[in-house]
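Me: I have a model open and want to work through it piece by piece. Let's keep the answers short.

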Amino acid sequence: MTPVAHRRSLLLGLGAAALAAPALAQRGWEPNRPVQFVVPAGTGGGADQMARVIQGIVSKHSLMRQPMVVVNKAGGAGAEGFLEAKGARGNPHMLIITLSNLFTTPLATGVPFNWKDLTPVSMMALDEFVLWVKADSPWKTAQEFIAAAKAQRLKIGGTGSKQEDQIITAAITKATGATFTYVPFRGGGEVAVQLVGGHIDATVNNPIEAVTHWRSGALRPLCVFDDTRLPVTEKMTDSMAWSDVPTCKEQGLDVEYLMLRGIFMPAGVRPEQVAFYEGLMARVRETEDWKDLMKQGAFNTTSMTGDAFRTWLGREEERHRSLMQEAGFLANPS
Amino acid sequence: MDDIGLLMQGFGVALQPDNMLLMLIGVVLGVLIGVLPGLGGANGIAILLPLTFAMPPVSAVIMLSCIYWGALFGGAITSILFNIPGEPWSVATTFDGYPMAQQGKAGEALTAAFTSSFIGAFVAVVMITFVAPVVAGFALRFGPPEFFAVMFLSFACFVGMAKGSPAKTLASMMLGFLLAAVGMDTVTGQLRMTFGSEEMIRGFDFLVAVIGLFGISEILCSIEDGLRFKGQRAKIDLKVVLKTWAELPKHTFLAARSALIGCWMGITPAGATPASFMSYGVARRMSKDPDGFGKGKVEGVIAPETAAHAAGTSALLPMLTLGVPGSPTAAVLLGGLIMWGLQPGPMLFVEQKEFVWGLIASMYLGNIAGLLVVLVAVPWFAAILRVPFPIIAALILTVCAIGAYTVSNAEFDIVLMLIFGIVGYIMKKLDYPLAPLVLALVLGDRTEEAFRQSLLVSQGDVTVFFHNWLSGGIMALGIAMLLWPLLSWARTALLGGFRGARAA
């Protein structure tokens, strides 16, 4: 790129940022080779699905001239993917989608990585968590479940160890004093089936991981770990919609947890490059395909960019640190 | 039966010209993907998935599942010709397939492999068609103890299989367990034995190890022999297919048993890889000529291939009915279903009947298409062995390196592959068997996990493995299998001792 062209694109980029118009920002800078989209998780999981939906939307609606290539880097609970993005400083052709392991993996394993080693682009959505039990279990409300857990030790299954599911379990223990045996499995789908088979007593699956078993009458949602009820009012079973599931707070279980689904870039990229991807992601969120996914998974559709997103990230990191410290999950407690 | 009506309707959908074309494209792509070690069905489908968003879901899943069939078929090709398993479940195929190729029987081995794959898949599809709901319910009974019991049985079937020193077998297996333990430990969420290295975080991928241990070490051995291919050249002749077919009815019982093992392992869902090992182990145990195995016996190709395909196919059943993928490839397909707005799980069979039966119909047709494609190509595949070895060796090395890199897009894995190649060469020279290492590496992780999950559930009580008839039964079977060689060895030793004493 010649210096003149460079300056012009910079100016345009600044102008676009001032106007906050994605269309203009695209003219400022555009990827000139394929964009690598790193998923710090295995194929088939929630983050992987979302990345592939974004990839599909981008190519279906031709939102970008260059192709987007999804690459899974799941090693070490996502540490592999994060370290790769950290090492790609200044590379504007790399995106990474994150889940809660953005905070939990470095805290639990001591891998030298922090979200500040990346450039936050956009929060796409927040994933909800629901307390599930078997439909033929005697527990109809969260209080009944907690009372039972105090009387005898119950088993909660979840995805991975010292990750979001176990953090929620620890938070329930902290809020109520009831202790649980936490059994880690590999993926959310597996966890849901273990509950249907009666090998564990409860799960904190995401809506999308367990919805089919709810609809078939095998599972029952007790409460959702959010401060407001889920927005989807379509009937999922004969009598219930997502919006009929009470919040855990309503049920006297004061635990709240949402999981970040966000897009990041490596550190050291230029503002107009960030602006391009911000605009791209905004356009992805406007498509019908994206809205369908949000409805299917009963996602919390909050999205943020820029400073608001950074503030949110800083607050969440502190919250994870204190939750994990209390549960004794930190690799370097100090 | 309205299900049969729906199936016929499904055939109608799958037989539309454009869907037939997609089927053919899928199978050919799949075979190519299966041939390239490391690329694998899961990666192949993941790469092509976005292309299918513009298609109707039925067409998309027909094409993707045909890639899956193609990859299942294709995995056997490099195992037999070059001793390089293209897919994890073709490792057991190399044990007898490669010796057959060296004896100039590559065509026979390939035909046997493809045909038995087809039979395995066909049995599984028939099972899916008629008993899907019953079988899906059975999968729900598998908790951690049951899962561990199945893994235990796989190991038990395999122990005593390797010839030579039991101590060397044990050493090789322990090395496999050790390598499997490197990386993230799911149960504690801690990194193990990574020594602070960023490259070690991934752990040792099974495919990288296998490409090195089998492929590279084989090339090293050939170089030592003066760059000559040991095998005899196969004739290029389509008649070899018919000749092999004439031989196959002898092995009907073997194929039926292997298909059964495969279906069971696919549903559990333990997957195609343990199924192929278990089936090979059982075939050898039940054979009248167990010592012939590993030296180029056609039974040693039929058993693992039938089981692997039966398992690979029936693995789609837990995916459709429960939303749990039975294999990595199924996991990617599962993601695809969600993107097409289909929610896998118990409601799919109720709400999306057309889709489900269209998919099942495509399983029948895709397998037939796959078999035709690969059988026609048998003579050409076998002819690869006529190319001078120095050229082939260079090609194999390149393909191996690409394969090792593709597994997780890491340059370091190519270095690892070369190291494993040297390790494999040394082990061959010192007469350490490679198979136990591979088995432990591929199943060690899941086995350990299931064991520790079980103990978490039971709060440290080991009797959890015998807590019901299912896991108890499988464990008992496993222990019997494990003690069998020991018992027969003890018997011969005792008898021999008596005879020796009498003679003296």
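Me: Is Ala171(B) buried, exposed or partly exposed?

Reply: This is a predicted model. Ala171(B) sits in helix α8 (residues 166-180) of chain B. A buried residue needs 20 or more other C-beta atoms within 10 Å, and an exposed one has 12 or fewer. Ala171(B) has 16 within 10 Å, so the class is partly exposed.

Me: How far apart in space are Ala171(B) and Ile84(B), C-alpha to C-alpha?

Reply: In sequence, Ala171(B) and Ile84(B) are 87 residues apart. In space, C-alpha to C-alpha, the separation is 23 Å.

Me: Is Gly262(B) buried or exposed?

Reply: Gly262(B) belongs to helix α11 (residues 252-267) of chain B. The buried class starts at 20 other C-beta atoms within 10 Å. Gly262(B) has 33 such neighbours inside 10 Å, so Gly262(B) counts as buried.

Me: What is the C-alpha distance from Gly262(B) to Ala124(B)?

Reply: Gly262(B) touches Ala124(B), and among its other contacts are Gly120(B), Ala275(B), Ser279(B) and Ala307(B). Gly262(B) and Ala124(B) are 138 residues apart in sequence. Their C-alpha distance is 8.3 Å.

Me: At what angle do α12(B) and α13(B) cross?

Reply: Helix α12 covers residues 272-286 of chain B, and helix α13 covers residues 299-314 of chain B. Their axes come within 8 Å. The crossing is right-handed. The angle is roughly 145 degrees.

Me: How many nonpolar residues are in the contact of α12(B) with α13(B)?

Reply: On the α12(B) side, the contact residues include Ala275(B), Ser279(B) and Tyr280(B). On the α13(B) side, they include Ala303(B), Pro304(B) and Ala311(B). Five residues in this contact are polar and one is charged. The nonpolar residues number nine.

Me: Which residues of α10(B) meet α6(B)?

Reply: The axes of helix α6 (residues 106-139) and helix α10 (residues 239-247) of chain B come within 9 Å and cross at roughly 65 degrees. The crossing is right-handed. From α6(B) come Gly107(B), Glu108(B), Thr111(B), Ala112(B) and Thr115(B). From α10(B) come Val240(B), Val241(B), Thr244(B) and Trp245(B).

Me: Which helix gives the most to the largest nonpolar core?

Reply: This core has 261 residues. Those with the most contacts inside the core are Ile80(B), Leu110(B), Ile211(B) and Val438(B). The helix that gives the most, with 18 residues, is α4 (residues 57-82) of chain B.

Me: Why does this core lie between domain 1 and domain 2 of chain A?

Reply: Chain A is divided into domain 1 (35-127 + 259-327) and domain 2 (130-251). The core lies between them because residues come from both domain 1 and domain 2 of chain A.

Me: Which residues does Leu110(B) touch, not counting those up to four places away in sequence?

Reply: Leu110(B) is one of the residues with the most contacts inside the largest nonpolar core. Beyond four places in sequence, Leu110(B) touches Ile77(B), Ile80(B), Val378(B), Phe381(B) and Ala382(B).

Me: Which element gives the largest share of the side of domain 1 of chain A that touches domain 2 of chain A?

Reply: The C-alpha centres of the two domains lie 26 Å apart. Their contact takes 19 residues from domain 1 and 17 residues from domain 2 of chain A. On the domain 1 side, α5 (101-109), α11 (288-296) and α12 (306-327) of chain A each give two or more residues. The largest share, four residues, comes from α12(A).

Me: Is Val224(A) buried or exposed?

Reply: Val224(A) lies in strand β9 (residues 219-224) of chain A. Among the residues it touches are Val130(A), Leu230(A) and Val245(A). Within 10 Å there are 27 other C-beta atoms, so Val224(A) is buried.

Me: Which element gives the most to the side of chain B that touches chain A?

Reply: In this interface, 46 residues of chain B are in contact with 43 residues of chain A. By class, the chain B side has 27 nonpolar, 16 polar and three charged residues. Elements that give two or more residues to it include α3 (40-48), β1 (183-185) and α20 (435-458) of chain B. The element that gives the most, with seven residues, is α15(B).

Definitions and conventions: Residues numbered from 1 in each chain as written. Chains lettered and ligands numbered in written order. Predicted model: local features only at pLDDT ≥ 70, side-chain atom pairs only at ≥ 80, totals over all residues. Axes fitted to C-alpha atoms, helices over the stretch in contact; angles between N-to-C directions. Left-handed = near helix turned anticlockwise from the far one by under 90°. Contact = placed C-beta atoms within 7 Å. Nonpolar A, V, L, I, M, F, W, Y, C, P; charged D, E, K, R; others polar. Core = buried A, V, L, I, M, F, W, Y, C linked by C-beta atoms within 7 Å. Domains from an automatic or database assignment.
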